[in-house]
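Thank you all for coming; I would like to walk you through one model this morning, beginning with how its interior is put together and then turning to how its helices pack. Please keep the structure open in front of you as I go.

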Amino acid sequence: SVILLPVLIMTVGIQVHTRTICFVTACTIYIFRLVILLFQGMPLETGLIQVLPGALFYICYGLIFKLQIKNKHIVQMERLIVAVFFCDFCSNVFEVSLQEYLQQRMLPELSVIKYLLMIAAVRTLFAAVALIGEKQYRVLLKNAEHENRRLFLMTTGLKNEIYLMHKNTEEIERVMSNAYRLYEKTLMMEELPKEMQQMALEIARDVHEIKKDYIRIIQGIEEEIDE
């Protein structure tokens, strides 16, 4: 839970106040642990005191986190990881000290502090991996969204070009029909040289070939758009 808490604060809970998240977490853990102890047969008074330090750990965590991170939306990853370490370590020291005080014992020794320091470092490492992984995942999603938008705009542009090409195909069809009609008229005009009649036929044939190539290009672009 301590590893996942900063991940919760910086991801799904980034719009929620940090102290609110930690307070709700503290209350949930307090009730959950108390119920377990009561089912195990522990007296209510003893259970209320025993689970208190563990719950206050999260409230302390939230306060320290808020003091270090003023704005969760613009914090740099390096500063966030350092803040997570200090929150974990200081809250752990507070929890252990409170436990010792409630049990009327001495404050934690240096060896215990070193042990808590090591625990905080290990848990911060796992939290950092989770936070960096989540950040990279968001970057990938953002890049994918950008590429999809760019692809959509490119596809839309190609569809507009195809629309214009279809209109041009109709114009080519009209030119080809005129060329054939011209050729047919030249056949009726015996005074025209054969070269002009042949030229009219070649124009009609060339326009027809252009039309076929044009249709192939349109079909190729449409297939690319579908893919």
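By a nonpolar core I mean a set of buried Ala, Val, Leu, Ile, Met, Phe, Trp, Tyr and Cys residues joined through side-chain atoms within 4.5 Å. Please bear in mind throughout that this is a predicted model.

With that in hand, the largest nonpolar core has 28 residues, and those with the most contacts inside it are Leu-5, Ile-9, Tyr-58, Tyr-61, Phe-65 and Leu-80. At least two residues of this core come from each of H1, which spans 4–10, H2, H4, H5 and H6. If we look at Leu-5 and set aside its neighbours within four places in sequence, we find it in contact with Ile-21, Cys-22, Thr-25, Tyr-58 and Tyr-61. There is also a second, separate core of eight residues, and among its members are Ile-162, Met-165, Ile-172 and Ile-218.

Let me turn to the first helix pair. Helix H2, residues 18–39, packs with helix H4, residues 52–68, at an angle of about 175°, their axes being 8 Å apart; the two are therefore roughly antiparallel to each other. On the H2 side the residues that meet H4 include Cys-22, Phe-23, Ala-26, Ile-29 and Tyr-30, while on the H4 side those that meet H2 include Tyr-58, Ile-59, Tyr-61 and Phe-65. Sorted by class, this contact of H2 with H4 has twelve nonpolar, four polar and three charged residues.

The second pair is H6, residues 110–188, with H7, residues 194–226, where the packing angle is about 165° and the axes lie 9 Å apart. Since that angle is over 145 degrees, the cut-off for the term, H6 and H7 are roughly antiparallel to each other, and their crossing is left-handed. The contact of H6 with H7 has, by class, 23 nonpolar, seven polar and four charged residues.

Is Thr-186, which lies in H6, buried or exposed? Thr-186 counts as buried because its relative accessibility is 7%, and buried means under 20%. Not counting residues up to four places away in sequence, Thr-186 touches Leu-192, Gln-197 and Ala-200. Its C-alpha atom is separated by 7.8 Å from that of Met-196, ten residues apart along the chain.

Finally, Val-82, placed in helix H5, residues 77–102, is partly exposed, with a relative accessible area of 43%.

Notes:
Residues are numbered from 1 along each chain as its sequence is written. This is a predicted model: local features need pLDDT of at least 70, side-chain atom pairs count only at pLDDT 80 or more; totals for chains, interfaces and linings use all residues. Side-chain values use heavy atoms; hydrogens and water are left out. Axes are lines fitted to C-alpha atoms, for helices over the stretch in contact, and angles run from 0 to 180 degrees between N-to-C directions. Helices (H or I, at least four residues) and strands (E, at least two) are DSSP runs, numbered from the N terminus. Angles under 35 degrees count as roughly parallel, over 145 as roughly antiparallel, 65 to 115 as roughly perpendicular and the rest as oblique. Contact means heavy atoms within 4.5 Å. Ala, Val, Leu, Ile, Met, Phe, Trp, Tyr, Cys and Pro count as nonpolar, Asp, Glu, Lys and Arg as charged, and the others, Gly among them, as polar. Buried means under 20% relative accessible area, exposed over 50%, partly exposed in between (1.4 Å probe, protein chains only). A crossing is left-handed if the near helix is turned anticlockwise from the far one by less than a right angle, and right-handed if clockwise.
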